[in-house]
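Colleague: I should be grateful for a close look at the buried charged residues of this protein, and at the empty space around them. Please set out the terms as you use them.

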Amino acid sequence: MATKYSDHVESKDKQPRTARGLKTKRKLLDAAALEFGEKGFHEASITGITQRAGTALGSFYTYFDSKDELFSALVKDMSARVKTHAGSAMTEWEDALEREKLALKAFMNFAREHKEIYRIIDEAEFVDPESYRSHYEETAARIAERLQEGSAAGDLRDDLEEAHAWAIMGMNVFLGLRYGIWTEDKSAEEVAAIASGILAQGIAAGKN
């Protein structure tokens, strides 16, 4: 099922005003994900996107002024979809560590279903640096908020700061790349359990 379209930066006169318009724009975003994911930004074409979407070329310009604008909207859309997917998985948890485990597991599953996300986000660093930075800053901010809530609940140390959130995000991103994009030789549950163990115990040898 397609994730509900979220607001982007396009001008207000480009926003869909009907259910049919929302559906068409969703088709274009989904088609763009496949086109950019397969060919990269520079080789992807508006024609290729509309053909994948099964829409007329004119429909593209109803909602986007250019390929660049669509790419920026797509980065924001994919970031919002990751947020929604992870949020839906974190409805019940015993403690803050389990919450982070659920978040990583949800991200792993999303990445496996949408392998194009890594190429699109990586290209955004050069095609749309503002969206690229926003994606990671907003992701880290959500993790930091969860850490603060975990600290307040007594599940986590009380000296956690922004850098801890970025460290966790970095771990999650590369675990997703290794076990979600390159291979799937460990289950999402196994990978999330390993990460959870690192958060809970660290990797230093025990001292007598």
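Modeller: A salt bridge is counted where a side-chain nitrogen of Lys or Arg lies within 4 Å of a carboxyl oxygen of Asp or Glu. By this rule, Arg 26, Asp 30, Asp 77 and Arg 81 are linked in a network of salt bridges. The model is a predicted one: local features need pLDDT of at least 70, side-chain atom pairs count only at pLDDT 80 or more, and totals for chains, interfaces and linings use all residues. Residues are numbered from 1 along each chain as its sequence is written, and side-chain values use heavy atoms, with hydrogens and water left out.

The setting of this network is helical. The protein chain has nine helices and zero strands; helices (H or I, at least four residues) and strands (E, at least two) are DSSP runs, numbered from the N terminus. Roughly 70 × 35 × 30 Å is the box filled by the C-alpha atoms along the principal axes. Of the 208 residues in the chain, 46% are buried, where buried means under 20% relative accessible area, exposed over 50%, and partly exposed in between (1.4 Å probe, protein chains only).

Within the network, Asp 77 forms a salt bridge with Arg 26, and their closest N and O atoms are 2.8 Å apart. This pair links distant parts of the chain, since Asp 77 is in helix α4 and Arg 26 in helix α1 (residues 19-39), 51 residues apart. Both Asp 77 and Arg 26 are buried. Arg 81 also has its place in helix α4, and it counts as buried because its relative accessible area is 8%. Arg 81 and Phe 110 are 29 residues apart in sequence, yet their C-alpha atoms are 8.9 Å apart in space.

The count for the model comes to 14 salt bridges. Side chains of opposite charge can pair when their charged atoms come close. One further pair is that of Glu 35 and Arg 52, whose side chains meet at 2.5 Å, N to O. Glu 35 lies in helix α1 and Arg 52 in helix α2 (residues 46-53), so the salt bridge ties together parts that are 17 residues apart in sequence. The two partners differ in burial: Glu 35 is buried, with a relative accessible area of 1%, whereas Arg 52, at 34%, counts as partly exposed.

Another pair is Glu 100 with Arg 146, which form a salt bridge at 2.6 Å, N to O. Because Glu 100 lies in helix α5 and Arg 146 in helix α7, this pair ties together parts that are 46 residues apart in sequence. Glu 100 is buried at 8% relative accessible area, and Arg 146 is buried at 10%.

Both partners of that last pair lead to the empty space. Rolling a probe the size of a water molecule over the atoms shows where empty space is left. On a 1 Å grid over the protein atoms alone, a cavity is a set of points where a 1.4 Å probe fits but cannot get out, and a pocket is an open set with protein on both sides within 12 Å along at least five of seven lines; lining residues have an atom within 4 Å of a point. Grid points are joined across faces, edges and corners, and a volume is the space filled by probe spheres set on the points.

Arg 146 belongs to the largest pocket: of its 23 lining residues, Val 82, Ala 86, Thr 139, Arg 142 and Arg 146 lie nearest the centre. This pocket holds about 480 Å³ of space. Helix α7 supplies the largest share of its lining, eight residues. By class, the lining has 13 nonpolar, four polar and six charged residues; Ala, Val, Leu, Ile, Met, Phe, Trp, Tyr, Cys and Pro count as nonpolar, Asp, Glu, Lys and Arg as charged, and the others, Gly among them, as polar.

Glu 100 is one of the residues lining the largest cavity, along with others that include Lys 101, Met 171 and Asn 172. The volume of this cavity is about 50 Å³, and a search of the whole structure finds one cavity of 30 Å³ or more. Helices α5, α8 and α9 each supply at least two residues of the cavity lining, and the largest share, four residues, comes from α9. The cavity lining comprises six nonpolar, two polar and two charged residues.
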